[in-house]
Amino acid sequence: MRLKTSLLIAAAALWAGPASASPYPPLEAAKKTVSKPVLVEQYGKDKLQFGELRLPAGKGPVPVVAVIHGGCWTRSFEDVTGTAPLADMLTKRGIATWNIEYRARGDAGAGYPGTFEDVGAGVDHLRALARRYPLDLKRLGIAGHSAGAHLALFAASRPKLKGSLGKNALKPVAVAAIDGPGSVREFVGIDKEVCGQPVIVPLLGGTAQEKPAAYSDASPIDHLPLGMRTLLVKGALGFSMEPYEAKVKAAGDDVRVIATDPAEHFDMITPGKPNGDKVADWLAANLFAGSPRASKK
């Protein structure tokens with residue numbers, strides 16, 4: 001009964017469909033008032049392989065967070081504007097942000113490995129940016145919302161992956177998963193209820209039995225411990241985070257959990273909302289604290 005109720009709440013929060021009105025008007029309003037990035041730059045040749053760089057006031061060097069939007073891994077749901085308010089909130093709290101766009105289902109070249117290659121290349125592009133802007137890559141964090149929470153955990157796990165997805169991967173000191181799953185296997189079936197359509201099997205090109213390597217690469221839960229500070233923010237999709245939460249704690253990583261309203265999903269990345277401010281304040285205060293690689297300046 002608890003799972004069924006959670007699924008109904010999550011579906012109501014998430015499923016808007018390509019032509020529907022925004023599921024959360026306050027976030028739509030916030031998108032129109034965010035600060036403009038100092039730079040919008042391609043990290044690849046495709047028009048969707050780009051990011052937005054925002055810098056806080058001051059000379060730096062400053063910590064930086066790669067921000068990854070959600071939207072059921074599907075183009076018609078969300079794009080980089082969805083996490084611009086979160087990026088803006090963090091920048092106003094003294095953290096540079098690199099808000100990444102990537103190819104999602106419905107885009108040419110998306111799926112496995114394309115979507116995952118984009119996320120990795122987007123994060124790794126911070127090396128190039130750090131040569132021109134005062135970014136402290138020793139204080140690198142990754143944060144994602146909804147499906148982006150899964151992709152943030154994937155990006156954090158890349159140094160443990162073999163093959164091209166893990167090659168020369170930047171390792172963050174911290175990762176924040178905001179109301180999204182840490183394992184794609186457990187999300188199969190749930191995805192249809194939450195997203196209104198199956199997404200995981202099409203994203204990965206088959207079932208877990210048919211594509212075991214793809215599912216392993218795409219499941220951060222398979223690569224614990226990550227050896228970094230982990231923040232988990234639980235709301236409407238908090239139930240989908242429980243398998244990852246249990247395993248990451250058992251693996252010995254430094255884990256902090258924020259439990260917000262289980263009926264909400266978007267307020268936690270919306271400026272001016274109590275949960276939005278709480279999450280941004282928590283990330284700014286705790287994302288890098290206690291990290292063995294954090295700057296002592």
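User: What span does helix 10 reach from its first C-alpha to its last, and what is expected at 1.5 Å a residue?

Analyst: Happy to start there, with the note that this is a predicted model. Helix 10 covers residues 238–251, which is 14 residues, and reaches 20 Å from first to last C-alpha. The expected value at 1.5 Å a residue is 20 Å, and the helix is close to that.

User: Where is the kink in helix 10 centred?

Analyst: The kink is centred on Tyr244 and comes to about 30 degrees. Tyr244 is also one of the buried residues of the helix, together with Gly238, Phe239, Ser240, Met241, Glu245 and Val248. Just after the helix comes Gly252, with a positive phi near 100 degrees.

User: Why is His265 called buried?

Analyst: Buried means under 20% relative accessible area. His265 has 1%, so it is buried. This residue lies in the loop between strand 8 (255–259) and helix 11 (274–286).

User: What makes the links from the side chain of His265 to Ser146 and Asp179 polar contacts?

Analyst: The cut-off is a pair of N or O atoms within 3.5 Å. The side chain of His265 comes to 3.0 Å from the side chain of Ser146, and to 2.6 Å from the side chain of Asp179. Both are listed as polar contacts.

User: Why is strand 4 described as largely enclosed by the rest of the structure?

Analyst: Strand 4 (residues 96–100) has 5 of its 5 residues buried, so it is largely enclosed. The burial applies to both directions: Ala96, Trp98 and Ile100 point one way, Thr97 and Asn99 the other, and all are buried.

User: How do you know that strand 4 pairs with strand 2 and with strand 3?

Analyst: Pairing needs at least two bridges. Strand 2 (residues 50–54) is joined to strand 4 by 4 bridges, and these two run antiparallel. Strand 3 (residues 62–68) pairs with strand 4 over 5 bridges in the parallel sense. You can find Ile100 in both pairings: it stands opposite Gly51, and it is the bridge partner of Ile68. From strand 3 the chain passes through helix 3 (residues 84–92) to strand 4, in a right-handed β-α-β crossover.

User: What makes strand 2 mostly covered?

Analyst: In strand 2, 5 of 5 residues are buried. Phe50, Glu52 and Arg54 lie on one side, Gly51 and Leu53 on the other, and all are buried. Strand 2 also has strand 1 (residues 39–42) as an antiparallel partner, through 4 bridges. In that pairing, Leu39 is matched with Leu53.

User: How many aromatic pairs are there, and why is the pair of Tyr24 and Phe266 called stacked?

Analyst: The structure holds 4 aromatic pairs. For Tyr24 and Phe266, the ring centres are 6.3 Å apart and the planes stand at 20 degrees, so the pair is stacked. The limits are 6.5 Å for the centres and under 30 degrees for stacking. The partners come from distant parts of the chain, 242 residues apart: Tyr24 is in the loop between helix 1 (2–14) and helix 2 (25–31), and Phe266 is in the loop between strand 8 and helix 11. Tyr24 counts as buried at 13% relative accessibility, and Phe266 does too, at 11%.

User: Why is the pair of Phe116 and Phe154 called edge-to-face?

Analyst: Planes over 60 degrees apart count as edge-to-face. Here the planes stand at 80 degrees, with the centres 5.1 Å apart, so the pair is edge-to-face. Phe116 belongs to helix 4 (residues 114–124) and Phe154 to helix 6 (residues 147–157), 38 residues apart. Phe116 is buried at 1% relative accessible area, and Phe154 counts as buried at 0%. Together with Tyr112, they form one aromatic cluster.

User: Is Lys59 buried or exposed, and how do you know?

Analyst: Exposed means over 50%. Lys59 has a relative accessible area of 80%, so it is exposed. It lies in the loop between strand 2 and strand 3. Its C-alpha is 7.1 Å from that of Pro134, although the two are 75 residues apart in sequence.

User: What makes Ala177 count as buried or exposed?

Analyst: Ala177 has 0% relative accessibility, so it counts as buried. This residue lies in strand 6 (residues 174–178). The C-alpha atoms of Ala177 and Leu232 are separated by 5.0 Å, with their positions 55 residues apart along the chain.

Key: Residues are numbered from 1 along each chain as its sequence is written. This is a predicted model: local features need pLDDT of at least 70, side-chain atom pairs count only at pLDDT 80 or more; totals for chains, interfaces and linings use all residues. Side-chain values use heavy atoms; hydrogens and water are left out. The expected span of a helix is 1.5 Å times one less than its number of residues. The bend at a residue is the angle between axes fitted to the seven residues ending there and the seven starting there. Buried means under 20% relative accessible area, exposed over 50%, partly exposed in between (1.4 Å probe, protein chains only). A polar contact is a pair of N or O atoms within 3.5 Å; within protein, one must be able to donate a hydrogen and the other to accept it, and residues adjacent in sequence count only if both atoms are side-chain atoms. A crossover is right-handed if, with the strands pointing away from the viewer, the path from the first strand over the helix to the second runs clockwise. Rings of Phe, Tyr and Trp (its six-membered ring) pair if their centres lie within 6.5 Å; planes under 30 degrees apart count as stacked, over 60 as edge-to-face and the rest as tilted.
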